[in-house]
Amino acid sequence: MNNAVNNGHDAIWSGTWVAERLGVELVGDDTLTDLLGLALRRNPKRAHLLVSHVLGKHIPQSPSVVHGHGFALGRRVRELLGAEEAARAVVLGYAETATGLGHCVADGLGAAPYLHSTRRPVAGVVTAGGFEESHSHATSHLLLPEDPSLLVGDGPLVLVDDEFSTGNTVLNTIRALHERYPRRRYVVVALVDMRTAADAGRLSDFAREIGARVDLVATASGTVRLPEGVLHKGQELVARYEAGGADLGAGSGAASSRTSGGDPRGSAAATPPAPAHPLPDGDRTPRTGPRSHLTRVDVGWPRGLPDGGRHGFTPAHRDRLEAALPAMASRLAEAIPENAARVLVLGFEELMYAPLRLAQQLERTVAADVRYSTTTRSPVLAVDDPGYAIRSRLVFPAHDDPADGPGERYAYNVAGAGFDAVVAVVDSVADTRELHAPDGLLSRLAAHTPHVVLAVVPSYVPEPLYAAALPEERPAMLPDPLRGPAFSSYAPEEVGWLLQDLSDVTLEAPTEEREEAIQSGGAHYAESLPVEYQPSEQYQELFHAALETSAARIAQAVGVVTDAVIAERSPRPVLVSLARAGTPVGVLMRRWAQFRHGLDLPHYAVSIVRGRGIDANALRWLAAHHDPRDVVFVDGWTGKGAITRELAAAIEDFEAGGGAAGFDAEIAVLADPGSCVRTYGTRDDFLIPSACLNSTVSGLVSRTVLRADLVGPDDFHGAKFYRELAGTDVSVAFLDAIAARFPEVADAVDGAVKELLAGDRTPSWEGWAAVERISEEYGIHDVNLVKPGVGETTRVLLRRVPWKILARAGAGADLDHVRLLAEQRGVPVEEVGDLPYTCVGLIHPQYTRGATGADGKAVAV
């Protein structure tokens, strides 16, 4: 075929203008002109530019089309390598044009980590390598992986570029990397392979020279036939055009025809283009008309999630992004007018993948025709002709303080394209005064669309591998965590207890004595322990029946809250359970992360005491061993939200007192019936069987203890290990029963997580409001004596002196154990029609030992 072939489309090929004037021809696959157009470079090293219709760089394209082409290439690479080799592969993309394409190939490959080269040095990050791209206007590429071992290993290295013209860049890359990180196999991937036979032979010779296998995967292949003197002729043509005085003709002679992929409007209904004519340089003059409206949107980018592959992007990062996309796209959609028919999501130079995935999700969210492209460093001539690939050009100053100094940047085929809104996505390094200046990108866009939306993604900067601990956080000052089997019946890897062992100290007191002391102000509830409730055979049967009924429901909630944490909080969170109700949940979350993501997460249990705060020494230990920003506090459920508020105040006091900053006080819980937190597995109030028992479902560990004569200023809070109760311990059986249901709920978790992250999770604190109302209605006048929810009600019946149980009318089997305990303790159960919880436990509001019978059962007051 020759350059005039358009594969049957009644359209002008977007390379016709250059082909007619320079004599350039594309020869190869029939699909070549569907994939490529031509333009003229403003570059002394090469005259022509192959302009991809499906890359999403110069020509706005459907984001699904862009992602689909890269993903399909990744699938082909996986088939080529086979499952075993594909699992060991690493994908490397080229800056700036192929950074997004490389991401998409990694997506198609599956489990491969991804890294792209960069032209942006990052302070504190060691360069792992580099190479030159000889024909480019900006040649130096840096490799800055966060994990230095990413490029080490013998698995296949998959190199991704948008096109192969000579193969020189690939040769330079492999040569540079092979000297430092030799391996046996390389796979070269591109949308189009345009090398000559001689160039292809050079790559084969090089592979034999280094003793490695090099495979090639491309969507289409061909060659570019260049007449003699084309470079000089092209430079002359560009100079004449930019001088503005030359009559360059009417292009193909069919200027009223629609282009095949080159038209920035991308639709058959586009306005017929005028004959070719010179535009003012960069189309600098704003169009007449009303000023565009600028909206800044916080998309809620997950904390700690890299904005791309500059420092590495792992499958776990991709999972986090996938889970967060619906919510982020929803925030963008809210800023776009409902009547917008055409929307462009515009990425920024190397930042291609994040805007692409946002655009792809937005495409599914709004009714508008969504397109995607990015800004670029590449200087290209713009000619408003249907046979030319670059129809318009916006010019603006660089706005990310580039290492090579200030200069012009460009956005192609945006001006005059009829977009009703443009969403500009930049990283935070590029959110500068230059971006917002009168001649900056945002102003340039505002001249051509009525709505500009700015979304800023946090620029990810790796933390130093080793950080010196602050003097007050020296690890040697605090002991190592307690672990089973010496402390608790959990396996040692399941949880480390940041507690001191008080097993040999007598701390138990009769429930009635404890309640009188607590309510009279003579003692704090954390200064003693209730006598461990020994369940009857009937009660144990209820526990096992409840576990069988609810195991799948709990497994799904575990999966949802864990995946939400990984998506929004940290790709490798440090789980810190609030002992002790949070501990089984933390262990289950750790097991889910292993099952679903192959992650081996650290997990600890710490003490928090209402009115006294969290164990500050435990926080110091955590800060000395982990990044506080990775710490996620875990609890079983919320009631009225007292512990949620307690933790927030405690973290604030800890930082104010000179403790390490960065701890996030938001708790992740299995169930949030009180609507107190944003990270939860469910907001339903149902029976979590671990609430039915005390230590025998929590690793045989007691409640935590904080008493001045036992816990000094440099000690962890205390707890007991009830070894003597091993015969009735169901801690591990509880975990195993729920973990066994993980495979069957995996698909449901995926859907539930996407729905959760896309929805409005703002805490309403309706639980707290309900508790205040109940406290007044029942004459208690103390919210601490009102314990809402199935879990808290169970605790009242097991540990405190209960007065009444309020049960929602019609509540079923979730309350069987509550009714049994209430019957055993002589506590009335009162059905209430409009209760926001399944049940609420009321502690006796005027308790003295005289207020109960001799058997300790409650009496009316």
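This passage walks through a strand arrangement, two loop residues and the cysteines of the structure shown above. The model is a predicted one, and the description below should be read in that light.

A convenient place to begin is the sheet. Six strands make up an open sheet of mixed pairing, arranged in the order E1-E10-E9-E8-E4-E5. Its edges are taken by strand E1 (25-28) and strand E5 (114-116); each has a single partner strand, so one side of each is left without a neighbour in the sheet. From one strand to the next, the twist averages 30°. At the E1 edge, the pairing with strand E10 (residues 213-225) is antiparallel and runs over four bridges. Within this pair, Val27 is found opposite Thr223 in E10. The sheet also carries a helix: H5 (residues 99-109) packs on it and touches strand E4 (90-93), E5, strand E8 (157-164) and strand E9 (185-193). The direction of H5 makes about 135° with that of E8.

Attention now turns to two residues in loops. Asp400 sits in the loop that links strand E14 (393-397) to strand E15 (408-412). With a relative accessible area of 10%, Asp400 falls under the 20% cut-off and therefore counts as buried. Which side chain makes a polar contact with the side chain of Asp400? The partner is Arg120, at 3.5 Å. Arg120 also appears in the list of residues that Asp400 touches, together with Phe348, Glu349, Val429 and Ala430, when residues up to four places away in sequence are not counted.

Pro462 offers a second loop example, placed between strand E17 (451-457) and strand E18 (496-497). Is Pro462 buried or exposed? Its relative accessible area is 13%, so Pro462 is classed as buried. Leaving aside residues up to four places away in sequence, Pro462 touches Val125, Glu146 and His311. A further pairing in space involves Leu144: Pro462 and Leu144 are 318 residues apart in sequence, yet their C-alpha atoms are 9.7 Å apart.

Finally, the cysteines deserve a brief word. Cys676 is buried at 4% relative accessibility, and Cys839 is buried too, with a relative accessible area of 0%. How many disulfides are there, if a pair of cysteine sulfur atoms must lie within 2.5 Å? By this rule, the count is zero.

Methods: Residues numbered from 1 in each chain as written. Predicted model: local features only at pLDDT ≥ 70, side-chain atom pairs only at ≥ 80, totals over all residues. Heavy atoms only, no water. Buried < 20%, exposed > 50% of the residue type's maximum accessible area, 1.4 Å probe, protein only. Polar contact = N/O pair within 3.5 Å; in protein donor to acceptor, adjacent residues only side chain to side chain. Contact = heavy atoms within 4.5 Å. Disulfide = S-S within 2.5 Å. Pairing = 2+ DSSP bridges. Axes fitted to C-alpha atoms, helices over the stretch in contact; angles between N-to-C directions.
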